[in-house]
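Subject: The structure I promised you

Hi,

Here is the structure I said I would pass on. Have it open while you read, and follow along with the notes below.

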Amino acid sequence: MINYIERLSLLMSDIVARVPTLGFIDMSKVLVFARSGRTNAEGAYATCHCICLPASEPGYYFWRDRKTGKLTRRSEWFVTKSPEVKVGTAPIDYMISFTLPRFTDQVLSRTRKHAHYPNQPNWVGKLDTIVHELYHIDPQTPGIRRMEKADGTYSANCHGDTFFTNVVEMVQQYLATNPSPETYDFLQHNFEELETRFGGICGTTFRGYPSYPQRYTEVVSPQPEPPADVDCRIEPLKVPRVMKHFNEDDLVMREFLRNTSRQLIRKGAYRAA
Ligand SMILES: [Zn+2]
């Protein structure tokens with residue numbers, strides 16, 4: 001069986017070693033994992049998740065009287081926090097997830113990427129997706145890279161005017177360094193071909209699949225004083241219980257089939273790329 005996520009990790013390590021713009025990325029702090037996604041369903045091929053953002057400033061929800069505008073009640077103070085994910089002793093700063101099997105079936109001719117890669121084979125579209133997600137990692141501050149617009153201000157979304165063309169340039173740059181085909185040739189096969197060739201495809205997921213570490217809300221304890229002019233009823237905040245700390249024991253190996261997936265009995269050790 002092909003460990004697709006491990007292959008992607010190794011390929012990403014090769015990309016960051018060969019593409020100067022991505023050279024700052026430390027792949028030992030990037031965890032790659034699989035999510036579910038069917039080939040014919042709508043949705044992303046991959047996602048970059050930042051889990052190194054600091055906790056938010058404390059805040060609260062409030063309700064106003066529609067007529068008087070007066071505050072009638074507010075929630076307890078809360079903050080939002082990033083989960084802690086560690087593999088061995090290394091804290092993970094970013095996670096990049098790939099949807100399987102959807103990602104393996106990405107076809108260049110059916111996407112807007114086609115115009116950027118005339119006469120190039122389908123698997124280059126997958127390489128584009130991989131570089132795209134790596135490019136979301138911000139080189140300066142913890143977070144998702146912010147894109148400047150032509151006028152020097154920051155774009156309201158994380159893609160801006162030039163993100164996609166910068167990615168195309170980096171893909172061409174990578175290919176121009178003559179990487180070893182062994183590093184990327186698994187991208188050439190769609191899901192059916194992978195199944196035939198390798199007898200199945202598997203990859204790292206979190207034990208609580210389909211859930212995975214996400215930012216969560218926490219009630220501040222002890223509660224700070226309310227702002228000086230706020231005097232109203234305080235409602236307790238109901239926050240769902242979620243896991244806040246993850247380590248390599250929370251990673252398991254799953255096999256991905258056409259319409260479903262199953263956890264493999266032997267626990268798959270996560271290997272740092
Ligand atoms: Zn994006």
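Before we look at the first helix, one definition: the expected span of a helix is 1.5 Å times one less than its number of residues. Please also keep in mind that this is a predicted model.

**Helix H1**

Now try that rule on H1. Its 15 residues should span 21 Å at 1.5 Å a residue, and the end C-alpha atoms are 21 Å apart, which agrees. Which residues of H1 are buried? They are Tyr4, Ile5, Leu8, Ser9, Leu11, Met12, Ile15 and Val16. Looking down the axis of H1, you will find these buried residues within an arc of 170 degrees, so they line one face of the helix. A bit of background helps here: an α-helix has 3.6 residues a turn, so residues three or four places apart point the same way.

**The whole chain**

Let's step back for a moment. The chain has five helices and 15 strands, and its C-alpha atoms fill a box of roughly 65 × 55 × 35 Å along the principal axes. Of the 273 residues, 29% are buried. If you take the contacts with a separation of 6 or more, 73% of them are between residues 24 or more positions apart.

**The core**

The largest nonpolar core has 49 residues, and Met12, Ile15, Val131 and Leu134 are those with the most contacts inside it. Two or more residues each come from helix H1 (4–18), strand S2 (30–37), strand S9 (94–101), helix H2 (123–135), helix H3 (163–176), strand S10 (201–206) and strand S14 (251–256). Which element gives the largest share? That is H1, with seven residues. As a general point, nonpolar side chains tend to be buried together in soluble globular proteins.

**Helix H2**

You can do the span check again on H2. This helix has 13 residues and reaches 19 Å from its first C-alpha to its last, close to the 18 Å expected at 1.5 Å a residue. H2 is mostly covered, with 12 of its 13 residues buried. The buried ones include Lys126, Asp128 and Glu133 as well as Leu127 and Ile130. What covers them? Among the elements that do so are H1, strand S3 (46–50), S9, H3 and helix H4 (181–184).

**Strand S2 and its surroundings**

S2 is another mostly covered element: seven of its eight residues are buried. S2 pairs with S9 in the parallel sense over eight bridges, and one pair to look for is Ser36 with its bridge partner Leu100 in S9.

Leu31 is a good residue to click on in S2. Is Leu31 buried or exposed? It has 30 other C-beta atoms within 10 Å, and a residue counts as buried at 20 or more, so Leu31 is buried. Apart from neighbours within four places in sequence, Leu31 is in contact with Val85, Val87, Ile92 and Met95. For a pair far apart in sequence, try Leu31 and Cys158: they are 127 residues apart along the chain, and their C-alpha atoms are separated by 21 Å.

Just before S2, have a look at Met27, in the loop between H1 and S2. Met27 has 20 other C-beta atoms within 10 Å, so this loop residue is buried too. Its C-alpha atom and that of Tyr94 are separated by 9.2 Å, although the two residues are 67 apart along the chain.

**Strand S10 and its partners**

In S10, six of six residues are buried. Two bridges join S10 to strand S1 (residues 2–3), and these two run parallel; Ile2 stands opposite Ile201. S10 is also joined to S14 by six bridges, this time antiparallel, and there the bridge partner of Ile201 is Phe256. In general, strands of a sheet pair through backbone hydrogen bonds, either parallel or antiparallel.

**A three-stranded sheet**

Last one: an open sheet of three strands, in the order S4-S5-S12, with mixed pairing. Strand S4 (62–64) and strand S12 (233–235) stand at the edges with a single partner strand each, so one side of each is left without a neighbour in the sheet. From one strand to the next, the twist averages 20 degrees. S5 (residues 71–75) and S12 pair in the parallel sense over three bridges, and Ser75 has Glu235 in S12 as its bridge partner.

Have fun exploring!

Definitions and conventions
Residues numbered from 1 in each chain as written. Predicted model: local features only at pLDDT ≥ 70, side-chain atom pairs only at ≥ 80, totals over all residues. Core = buried A, V, L, I, M, F, W, Y, C linked by C-beta atoms within 7 Å. Helix = DSSP H or I, 4+ residues; strand = E, 2+ residues; numbered from the N terminus. Pairing = 2+ DSSP bridges. Axes fitted to C-alpha atoms, helices over the stretch in contact; angles between N-to-C directions. Contact = placed C-beta atoms within 7 Å. Arc of directions from axis to C-beta.
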